[in-house]
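Colleague: Could you take me through one part of this model up close, the sheet, and then whatever aromatic contacts turn up elsewhere?

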Amino acid sequence: RAQNGRYWRAMVYDRYSGSGWFSTHLDLLNLNANDTRLDVWGGYLRADVTQTIKLYLNHQNILYAQAQPLRFNIPIEARVGSDFDATPPILDVTVVRARRPLREGDTYVVVSALSVADEDALRADSTEYPAWIRAHYTQLPDELPARVRAQAKQVAGAFSNPYDRAVALEKFVRAHIRYDEQVSAPPLQVDGVDYVLFERPAGYCNYYASVMAVLA
């Protein structure tokens, strides 16, 4: 239950290998209930949103939340990446787990800082990204096929700001890839995004998200 509905997340990945995604932000941070150390989002265009989540499965410990999670009402273990020398400091949450197993019927409450930036604010935002963000979230494998980069430039190259580029890429991905939950995995030794773009434009959420992220 929440004041409004958005996407809930469990894991954040920052490295694309060509065959899948993985996380490198795995520093351990143990926090007690309602600990506020995850709240580094002051000054951004965000608003606090409270969510109450009830479990219908036993033995679950990965906690879901809208981005960005600030605090939970139960003790947690967070895996994070951080750069406290940045201005403002960066604390990037990869995954949050309950420190005790949760059972069917249990609930937890999480407060998240949800973006309230409108289109004009996003278009006008600075593109001077911190070095830490560039290093972790603009990485692509050296083996990425050149036609993937060329496709991104063809779709979004005419736009002057990252927001309009992202919108153009989103529209392209939605129109280009046919939704299909029954597709087989890409062949071994083949870049997955390249395969979905040029060989078999079909897939489900993982494929759409991967293509969108790599093109961006």
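Modeller: Sure. In this predicted model, four strands make an open sheet, ordered 3-7-8-5, with antiparallel pairing. Strand 3 (27–31) and strand 5 (60–62) sit at the edges, each pairing on one side only. Going from one strand to the next, the twist averages 25°. If you zoom in on the strand 3 edge, you'll see five bridges joining strand 3 to strand 7 (residues 76–83), and the two run antiparallel. Within that stretch, Leu28 stands opposite Arg79 in strand 7.

Now the rings. Searching the whole structure turns up four aromatic pairs. One of them is Phe72 with Tyr108, a tilted pair at 6.3 Å centre to centre and 40° between the planes. Phe72 belongs to strand 6 (residues 69–72) and Tyr108 to strand 9 (residues 107–115), so this pair ties together parts that are 36 residues apart in sequence. Both Phe72 and Tyr108 are buried. Then there's Tyr204 with Tyr207, which is edge-to-face: 5.0 Å between centres, with 85° between the planes. Here the partners have their own burial labels: Tyr207 has a relative accessible area of 12%, so it counts as buried, while Tyr204, at 25%, is partly exposed.

One last stop, on the surface: Met11, Tyr13 and Trp21 form a nonpolar patch there, with about 260 Å² of accessible area together. Met11 comes in the segment before strand 1 (15–16), and its relative accessible area of 31% makes it partly exposed.

Definitions and conventions. Residues numbered from 1 in each chain as written. Predicted model: local features only at pLDDT ≥ 70, side-chain atom pairs only at ≥ 80, totals over all residues. Heavy atoms only, no water. Patch = residues over 30% accessible without salt bridge, like charges linked within 9 Å, V, L, I, M, F, W, Y side chains within 5 Å. Areas by Shrake-Rupley, 256 points an atom, 1.4 Å probe, with all protein chains shown as cover. Salt bridge = Lys/Arg side-chain N within 4 Å of Asp/Glu carboxyl O. Buried < 20%, exposed > 50% of the residue type's maximum accessible area, 1.4 Å probe, protein only. Pairing = 2+ DSSP bridges. Axes fitted to C-alpha atoms, helices over the stretch in contact; angles between N-to-C directions. Phe/Tyr/Trp six-rings, centres within 6.5 Å; stacked < 30°, edge-to-face > 60°.
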